[in-house]
Amino acid sequence: MSRLEGKVALITGAARGMGAAEARLFVAEGARVVITDVLDVEGKVLAEDLGPSAMYVHLDVTDEHEWNVARAVAERTYGRLSVLVNNAGILHYGSLAETSKDDFERVLAVNLVGPFLGMKVVGGAMAAGGGGSIVNVSSTGGLIGYSTLGAYVASKWGLRGLTKTAAIEFGHAGVRVNSIHPGGVRTPMTDPDGTGATVRPEMFAQQPIPRIGAPEEVANLALFLASDESSYCTGAEFVVDGGSTAGQDLAAAASVAP
Ligand code: NAD
């Protein structure tokens, strides 16, 4: 259990959901982890639960000043950051005709401008200080489109593209940058009250793996990319979606041939 021994990781939006699962796994694998979020109570409780290898720092990813403060606090406490997981994200439902400009920009601010600032502030320090690994949490919404999720899809395609520019710009300085693309995963984003009422099995019935994913299944992929095991991987997309983007099951759907 030491795949991240000696690493210092900052994870955004880590008070709950996938980010929290990554924080737990990274600490178990020997990293020191800076849990950041805007949910201060949940973030502090998680950090206390994980012990001295974890700390909580408030960080609204849309605020460049808060990024600089979080980086400074992290470095003062644990030393140089070597892993950044840009995980914080928000959803907004609405057709293009129904989505306001404010809502569209709010989603882009968190899901795209946030990771941009993270790569600028933390990625820049990693590049100057000897390297590291950045994991950008996109979505299958960064590979295909979904109705009623235009702002989200735009943000996740944008993050996929920005990942490639960052990989090229930082590569020679030893910083690897990859995007991960989860399909449906059971977290407070998809199951806000924790009862499963919003997780409809029929939404997953056509997938090769016909169920919703668990946050730990995404954390395992983030662990691989954060660790030196992925030393030849950069600028790439890694999909963890139960096969949902593999294609259509025409036999099961009894569809006409395309
Ligand atoms: P979640 O809602 O449980 O967690 C997201 C976290 O981001 C929350 O703790 C929230 O407080 C935090 N956050 C929101 N705005 C923030 C801001 N301005 N600054 C800092 N933190 C902020 O959702 P999740 O499912 O764990 O999502 C994690 C990531 O995975 C997101 O980027 C999401 O888009 C992506 N994703 C989720 C799914 C899914 O099915 N759950 C699928 C694909 C991709």
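Is Asp 60 buried, exposed or partly exposed? In this predicted model, Asp 60 has a relative accessible area of 28%, and because buried means under 20% and exposed means over 50%, the residue counts as partly exposed. Asp 60 sits in the loop between strand S3 (54-58) and helix H3 (64-78), where, once residues up to four places away in sequence are set aside, Asp 60 touches Val 38 and Glu 66. Its C-alpha atom is separated by 9.9 Å from that of Ala 70, a residue 10 places away along the chain.

## The nonpolar cores

From this loop we can turn to the interior of the protein. The largest nonpolar core has 34 residues, and those with the most contacts inside it are Phe 26, Val 33, Ile 35 and Ile 180. A second core of 27 residues, separate from that one, includes Val 34, Leu 59, Ile 134 and Phe 170. To see what surrounds one core residue, consider Ile 35, which, not counting residues up to four places away in sequence, touches a list of residues that includes Ile 11, Ala 23, Leu 46, Leu 50, Met 55, Tyr 56 and Val 57.

## Helix H1

Phe 26 also belongs to helix H1, where it is one of the buried residues. This helix covers residues 17-28, and since each residue should add 1.5 Å, its 12 residues should span 16 Å; the C-alpha atoms at its two ends are 17 Å apart, which agrees with that expectation. H1 is mostly covered, for 10 of its 12 residues are buried, among them Gly 17, Met 18, Glu 22, Ala 23 and Leu 25. Just after the helix, Gly 30 takes a positive phi of about 100°.

A positive phi appears at another place in the chain as well. Most residues other than glycine have a negative phi. Thr 148, however, has a positive phi of about 65° although it is not a glycine. Thr 148 lies in the loop between strand S5 (132-137) and H5, and with a relative accessible area of 37% it counts as partly exposed.

## Around the ligand

The ligand is surrounded by 28 residues, of which the closest are Arg 16, Asp 37, Asn 87, Tyr 152 and Thr 187. The table lists three side chains with a polar atom facing an oxygen atom of the ligand, together with the distance for each pair.

| Residue | Distance from its polar side-chain atom to a ligand oxygen atom |
|---|---|
| Asp 37 | 2.6 Å |
| Lys 156 | 2.9 Å |
| Thr 187 | 2.5 Å |

Taken alone, the ligand exposes 830 Å², and the protein buries 93% of that area. The elements that give two or more residues to the shell around the ligand are H1 and helix H5 (150-170).

## Two buried polar residues

Polar residues can also be found in covered positions here, as Asn 111 and His 181 show. Asn 111 lies in helix H4 (residues 101-129), and it counts as buried because its relative accessibility is 1%. Its side chain reaches the backbone nitrogen of Ile 90 at 2.9 Å. Leaving aside its neighbours within four places in sequence, Asn 111 is in contact with Ala 88, Gly 89, Ile 90, Tyr 152, Ser 155, Lys 156 and Leu 159. Of these, Tyr 152 was met above among the residues closest to the ligand, while the side chain of Lys 156 has an N or O atom 2.9 Å from a ligand oxygen atom.

His 181 is found in strand S6 (residues 175-182) and counts as buried because its relative accessibility is 0%. A polar atom of its side chain lies 2.8 Å from the backbone oxygen of Ser 139. With neighbours within four places in sequence left aside, the contacts of His 181 include Ser 138, Thr 140, Leu 143, Arg 160, Glu 237 and Val 239.

## Val 239

The last of these contacts, Val 239, has its place in strand S7 (residues 237-240). Whereas His 181 is buried, Val 239 counts as partly exposed because its relative accessibility is 42%. Apart from neighbours within four places in sequence, Val 239 is in contact with Leu 143, His 181 and Thr 245. The C-alpha atoms of Val 239 and Leu 50 are separated by 28 Å, and these two residues are 189 residues apart along the chain.

Key: Residues are numbered from 1 along each chain as its sequence is written. This is a predicted model: local features need pLDDT of at least 70, side-chain atom pairs count only at pLDDT 80 or more; totals for chains, interfaces and linings use all residues. Side-chain values use heavy atoms; hydrogens and water are left out. A nonpolar core is a set of buried Ala, Val, Leu, Ile, Met, Phe, Trp, Tyr and Cys residues joined through side-chain atoms within 4.5 Å. Buried means under 20% relative accessible area, exposed over 50%, partly exposed in between (1.4 Å probe, protein chains only). Contact means heavy atoms within 4.5 Å. Helices (H or I, at least four residues) and strands (E, at least two) are DSSP runs, numbered from the N terminus. The expected span of a helix is 1.5 Å times one less than its number of residues. A residue is near a molecule or strand if one of its heavy atoms lies within 4 Å of it. A polar contact is a pair of N or O atoms within 3.5 Å; within protein, one must be able to donate a hydrogen and the other to accept it, and residues adjacent in sequence count only if both atoms are side-chain atoms. Accessible areas come from the Shrake-Rupley method with a 1.4 Å probe; for residues, only the protein chains shown count as cover.
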